[in-house]
Amino acid sequence: MSERVRQKCSHSEEKYQTNISLETLDSGCLNSATVCGVDWTTLPDDTVIQLFSYLNYRDRASLASTCRTFRLLGSLPCLWGSLDLRSYKFDTAAAVSLSLRCKNLQRLKFPAAGSADAIVSLQARELREISGDFCRDITDAALSVIAARHEMLESIHLGPDPCERISSDAIKALAYCCPRLRRLWMSGVKEANGDAINALAKHCRQLMELGFVESDNIDEVALGNLSSLKFLSVAGTRNLKWGSVALVWSRLPQLVGLDVSRTDVNLSAITRFLSLSRNLKVLIALNCPVFEGEVDRNTMHNNKGRILLTLFSDIVKGVASLFADNLESVTDVFQHWKEIRNGDKNLDEVVVWIEWAISHSLLRIAENNLKEFDDFWLTQGAAVLLSLLQSSQEEVQERAATAVATFVVIDDEDATVHCQRAEAILCGDGIRMLLNLARSFQEVLQSEAAKAIANLSIDSKVAKAVAESGGIDILANLAKSTNRLVAEEAAGGLWNLSVGDDHKGAIAEAGGVKALVDLIFKWPPSSTDVLLERATGALANLGADEKCSMEVALAGGIHALVMLARTCKFEGVQEQAARALANLAAHGDSNSNNAAIGQEAGALEALVQLTYSQNEGVRQEAAGALWNLSFDDKNREAISAVGGVEALVALAQSSLDASQGLQERVAGALWGLSVSETN
């Protein structure tokens, strides 16, 4: 297969995390900060601090290690008020190395599994906000310890992965230890009983936003005791008794926004919420099958100025009605709000919450990938995602980019995208937006934007737009990232863009060939199989072009590919490495790559061994490489010397029921070897 797409999935975070080098963080001074006669230490302090602020943590620490001046400026509290460590391996050792810089840390995003002790080791007693991904393994005890050590916490977000081991005990601990709590959002909690929710009501008097999403056992009646709540989300939560829920929650005196998306809420409950709630402004009910089956869509309207957002209502106009006089002129609703903010704090809170809630539900709908949502995506869903890409909240931008990457995919295995959806993103200026996010210095944003660009680029019209908008240069630069996940998504983008002949030259000119070859040497095969498959897949596509094949060879690509063919055990990498060598060897009449591969130590032996693989794709590409290599006189004898004839005959005998492509390559390789009288 010549191209791949990647949808949102729950990866093991260990696989994608990059270590924060303790040596880098704690190193002393190097000899000089003078390069090419320029003394960088003479820059104004404000300028240096601004430069530091644009760097990721690894690069920030590296720059700080160059001299005493930069070390001092790089440790200033203003640079360490917020940390996003989701792409890094965050353990106790890393936390200890960061602790001296984190005394004034207020916002932390972290990979949750195994991070409880690390968070405590940061000694960041001023923490106000924490946000954790991959929360399946975080326990009641771990969360209770975090709460006990950080009584200043105001915001806790754990998800979107389910918090399967968190129950009422941890929620009670949060209530007792964090009385300043204003926002609590958890996905898939094991349970939240009445005692836990009443503890929140008693001790967290400033709690204004609560989310128990995609959970099973929530005491819905106790939620009615949270009189300070302004925003409540139970999206995706099951087993709610809507008859009592509607009456109890309608009495919440401060409730402004309610999200019941992806639940079995019915028409009666929706009607009661709209008619009985005193201060309710926004009710979100996206993908609620029971309600949608009962309601008359032609007669359903908003009551008393309250806004109901559904899949069949106009979401853009609904949100815009909160603040716009001329609804017809508003197409990009969240961008429009950013431009006209009028200082109304209450309204700003509402719009921020709507962005958060809608982005979460649209991502979940995209992940389900049901055909019944085709009309929604084409009529308004794509436009809403584009608007969310320009949100002022990074988390919302991330989810919107991930949703774009996901909803365009029809079949992940066959690399098939929905052309109409892809072109809806293209026509809405989505490529420019995604490329802007890919330029961000936030690595999670870079990776999600690169993923979306990669998947969209399977469509030829989008690929052309990406190339014309400078996307190839951006992806080539991202492929050099020290963050593994960013590099992986960039390699995927270059793989898809290198399909066909239109963009191969541009990739080479942008330094993409060298970046891809360097990836193979940079990352060990054991934990980077997907990254290496994408890099070798892109090199295989590029190797089909004569000029690019020479670039691959000059960049050390032959050695890199042979190394993978010999040592990597992942079948996807083996298949692409063999395909790449086959393509590089196909230009025997115009360059020396064919002979060079034959002379590379272990190359022919590796390809012969791959013909014994259990994977048909690997066998086919290995046979194809041997076929092309057999056009060189010396290679014919060398292939035979390492058992190539016996291997190919055995493969021919076992391939009577195999694909025509495999049979053709085996026959071709045997034919090529038979030119030699000895063979």
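This report describes one strand with its parallel neighbours and then three backbone exceptions in a predicted model.

Strand β9, which spans residues 183–187, is mostly covered, since 5 of its 5 residues are buried. In a regular strand the side chains alternate between the two faces of the sheet. In β9, Arg 183, Trp 185 and Ser 187 lie on one side and Leu 184 and Met 186 on the other, and both faces are covered.

On one hand β9 runs parallel to β8, to which it is joined by 4 bridges, with Ser 155 having Arg 183 as its bridge partner in β9. The chain passes from β8 through α9 to β9 in a β-α-β crossover that is right-handed. β9 also pairs with β10 in the parallel sense, over 5 bridges, and here Arg 183 stands opposite Glu 209 of β10. Helix α10, residues 194–203, forms a right-handed β-α-β unit together with β9 and β10.

Most residues other than glycine have a negative phi, and most peptide bonds are trans. The table lists two residues with a positive phi.

| Residue | Phi | Loop |
|---|---|---|
| Glu 214 | about 50° | between β10 (209–213) and β11 (231–233) |
| Arg 262 | near 60° | between β12 (257–259) and α12 (267–276) |

Glu 214 counts as buried because its relative accessibility is 14%, under the 20% cut-off, and Arg 262, at 15% relative accessibility, therefore counts as buried by that cut-off. A further exception is the peptide bond from Gly 159 to Pro 160, which is cis with omega near 10°; Pro 160 lies in the loop that links β8 (155–158) and α9 (168–177).

How values were computed
Residues numbered from 1 in each chain as written. Predicted model: local features only at pLDDT ≥ 70, side-chain atom pairs only at ≥ 80, totals over all residues. Heavy atoms only, no water. Helix = DSSP H or I, 4+ residues; strand = E, 2+ residues; numbered from the N terminus. Buried < 20%, exposed > 50% of the residue type's maximum accessible area, 1.4 Å probe, protein only. Pairing = 2+ DSSP bridges. Right-handed = clockwise from strand over helix to strand, strands pointing away.
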